[in-house]
Amino acid sequence: MPTISTTDYLVDKVKRQITTSPFLTLPGMGQFERRLLTHEWPQHAWADPPSGSDLKPVMGDNGLPILGHMIEMFRGGPDFWLHLYRTRGPVSLLDSPILPSIVALGPDAIQALYSNRNKDFSQQGWVPAIGPFFKRGLMLLDFDEHMYHRRIMQEAFVRTRLAGYTEHVDTVVSKVISKDWVANDARFLLYPAMKELTLDIASMVFMGHEPGTDRELVTKVNRAFIITTRAGNAIIRTSVPPFTWWRGLKAREYLERYFEERVKERRGKDGSDLLTVLCQSADEDGNKFSDSDIVNHMIFLMMAAHDTSASTATTMSYYLAANPEWQQRCRDESDRLGDGPLDIEALEKLESLDLVMNESIRLVSPVQWAMRQTVRDTELLGYFLPKGTNVIGYPGMNHRLAEIYPDPYKFDPERFAEPRNEHKKHRYGFTPFGGGAHKCIGMVFGQLEVKTIMHRLLRRYRLELPRPGYEPRYDYGGMPVPMDGMPIVLRPLR
Ligand code: HEM
């Protein structure tokens with residue numbers, strides 16, 4: 001079911017660079033960026049603490065006119081935030097006309113955001129980034145309403161349901177990587193191929209599109225997802241045709257109409273796909289989703305599931321290609337399983353893949369950000385935050401702290417194994433799936449999906465770098481995207 005070709009991807013990559021991160025294409029950017037990092041910007045306070053309180057004001061600056069610190073954010077990713085943490089501490093201000101925000105860095109600040117003890121931080125911080133396209137998705141709901149929806153949705157992620165999905169995942173993976181992926185070709189780009197694969201998986205497992213479903217329809221729906229997902233990165237953030245934001249809203253309208261029809265069809269029917277399961281799911285008190293709830297949840301779930309899994313599987317493939325001894329160790333475990341049908345118990349035996357997955361998403365976390373907004377005047381680690389303050393948490397940075405992970409840039413999966421267990425040094429030192437009430441509901445599904453992909457890949461191909469010493473560079477505008485599409489050579493094993 002090809003939906004995005006390599007050419008599409010390359011055209012899109014050029015467009016992304018022009019429309020979302022124009023500075024990535026400028027030569028000498030490294031130097032310019034370093035100058036931005038070391039420049040001494042005039043400092044000001046975000047808000048004065050109430051008189052008599054012992055809270056501190058959050059200090060920071062505006063950065064460049066209009067752009068603020070966007071260049072360093074997109075170009076430097078976690079390393080920019082690490083620089084901020086080291087030079088300004090865990091709570092500082094990045095003021096800008098586009099999105100003035102307080103930055104919360106380090107494991108203690110992330111703990112305060114995720115555990116959210118006094119319910120001071122709402123998910124509305126995500127709204128400026130993705131709100132219009134993913135409105136009323138689970139991640140954008142708050143407090144009691146969120147719990148109500150989460151309890152119903154949880155029913156779709158219990159182990160018996162996951163067992164059913166895993167079977168379908170394997171069917172799609174086995175077919176696509178053997179038929180559609182190009183072997184022995186250093187021009188084969190793994191990242192767009194993984195995105196296409198995870199979208200096909202979601203299409204079958206979530207929406208029940210069996211192989212043989214009207215291809216034109218599947219392609220149209222998949223494209224609408226891609227457009228909706230990308231719209232959050234738009235530079236012109238208002239609905240003006242033909243720009244990205246406007247296209248995202250149109251695509252969202254299309255998806256709403258599409259799912260409204262599907263929900264009508266699936267109500268009262270049997271089926272093991274996620275959409276049909278959501279039509280039946282009820283919490284312990286018998287509460288069920290309305291039709292429009294299901295439409296909103298499906299649109300968000302498709303987005304949450306496919307990009308994150310594609311990113312994880314791509315990063316793992318890169319590190320396995322760069323570390324042949326780990327590749328062989330994982331393949332030995334896969335060889336012990338053989339080519340028989342996969343189930344959850346079989347996937348659980350692939351323990352080296354678990355270590356590699358953790359280490360890969362430590363180094364390149366698919367979701368680097370946690371956006372929040374204060375619902376009342378509050379404090380964060382002793383700093384005063386007034387009501388309505390946008391807070392950017394950046395848990396992806398914690399994964400590079402040498403105090404938690406010695407030699408943090410080294411690929412070393414054993415750090416997750418006994419006796420080292422480096423990720424346990426701080427409760428919030430390793431949070432690729434978030435934490436607290438909004439912790440990823442699809443975590444186990446995502447892990448099973450990625451392990452299925454990697455098992456089938458390792459049984460069929462040896463993964464090689466396109467050239468010795470190759471290292472990918474990432475665009476950190478949204479989810480980390482390998483700027484060259486990640487060329488990986490697939491050498492057939494038999
Ligand atoms: C490797 C893959 C994945 C990663 C790294 C990941 C990461 C995350 C993170 C960090 C959050 C928390 C965001 C926040 O606190 O604001 C989250 C939430 C969520 N994820 Fe995932 N995710 C992955 C796969 C999936 C999959 C496969 C699904 C669906 C099947 C999914 C569905 C969701 C949903 C619905 C939420 C919102 C949960 C809530 O607000 O209660 N994710 N994910």
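# A walk from the iron outward

Start by selecting the ligand: Cys440 (SG) is the only protein donor of its iron atom, at 2.3 Å. Donors here are N, O and S atoms within 2.8 Å of the metal (3.2 Å for Na, K and Ca); water is not among the atoms, so sites may look incomplete. Then colour the backbone around Cys440, which lies in the loop between helix H17 (395-398) and helix H18 (443-460). Helices (H or I, at least four residues) and strands (E, at least two) are DSSP runs, numbered from the N terminus.

A note before you go on: this is a predicted model, in which local features need pLDDT of at least 70 and side-chain atom pairs count only at pLDDT 80 or more, while totals for chains, interfaces and linings use all residues. Residues are numbered from 1 along each chain as its sequence is written, and side-chain values use heavy atoms, with hydrogens and water left out.

**Zoom out to the whole chain**

Show the full cartoon and you will have 18 helices and 13 strands on screen. The C-alpha atoms fill a box of roughly 70 × 55 × 50 Å, taken along the principal axes. The radius of gyration is 22 Å, which agrees with the value near 23 Å for a compact globule of 494 residues; it is taken over C-alpha atoms, and the globule rule is 2.2 Å times the number of residues to the power 0.38. Of the 494 residues, 56% count as buried. Buried means under 20% relative accessible area, exposed over 50%, and partly exposed in between (1.4 Å probe, protein chains only). Among contacts with a separation of 6 or more, 72% come from residues 24 or more positions apart, where contact means heavy atoms within 4.5 Å.

**Next, the seven-stranded sheet**

Select the strands in the order S1-S2-S3-S4-S9-S6-S5: these seven form an open sheet with mixed pairing. Strand S1 (44-45) and strand S5 (121-122) stand at the edges, each with a single partner strand, so one side of each has no neighbour in the sheet. Two strands count as paired if DSSP finds at least two bridges between them. At the S1 end, two bridges join S1 to strand S2 (residues 59-61) in an antiparallel arrangement, and Ala45 has Met59 as its bridge partner in S2.

Now centre on strand S4 (residues 101-104). Which residues cover its two sides? Ser101 and Val103 are buried on one side, and Ile102 and Ala104 are buried on the other. Strand S3 (residues 91-94) runs antiparallel to S4, with four bridges between them, and the two form a hairpin with six residues in between. Strand S9 (residues 390-393) runs parallel to S4 and is joined to it by three bridges. Click on Ala104: Val91 of S3 has Ala104 as its bridge partner in S4, and in S9 the bridge partner of Ala104 is Gly393.

**Two helices, each with a buried face**

Select helix H7 (residues 143-154). Its 12 residues reach 16 Å from first C-alpha to last, close to the 16 Å expected at 1.5 Å a residue; the expected span is 1.5 Å times one less than the number of residues. His146, His149, Arg150, Ile152 and Met153 are buried in H7. These residues lie on the same side of H7 because they cover an arc of only 165 degrees around the axis, the arc being that of the directions from the helix axis to the C-beta atoms. Add helix H12 (274-280) and helix H13 (291-322), which are among what covers them.

Move on to helix H14 (residues 324-337), which has 14 residues and reaches 20 Å, close to the 20 Å expected. Here Trp326, Gln327, Cys330, Arg331, Glu333 and Ser334 are buried. Look down the axis of H14: its buried residues fall within an arc of 160 degrees, so they line one face. Pro324, Glu325 and Arg336 are exposed on the other side. The cover over the buried residues includes H13, helix H16 (351-363), H18 and strand S10 (461-464). Just after H14 comes Gly338, with a positive phi near 75 degrees.

**Last stops: two buried side chains**

Pick Thr229 in helix H10 (residues 215-231). Thr229 is buried, with a relative accessible area of 17%. Beyond its neighbours within four places in sequence, Thr229 is in contact with Phe134, Met303, His306 and Asp307.

Finish at Leu82 in helix H4 (residues 78-88), which counts as buried at 12% relative accessibility. Leaving aside neighbours within four places in sequence, Leu82 is in contact with Met397, Arg400, Leu401 and Tyr409.
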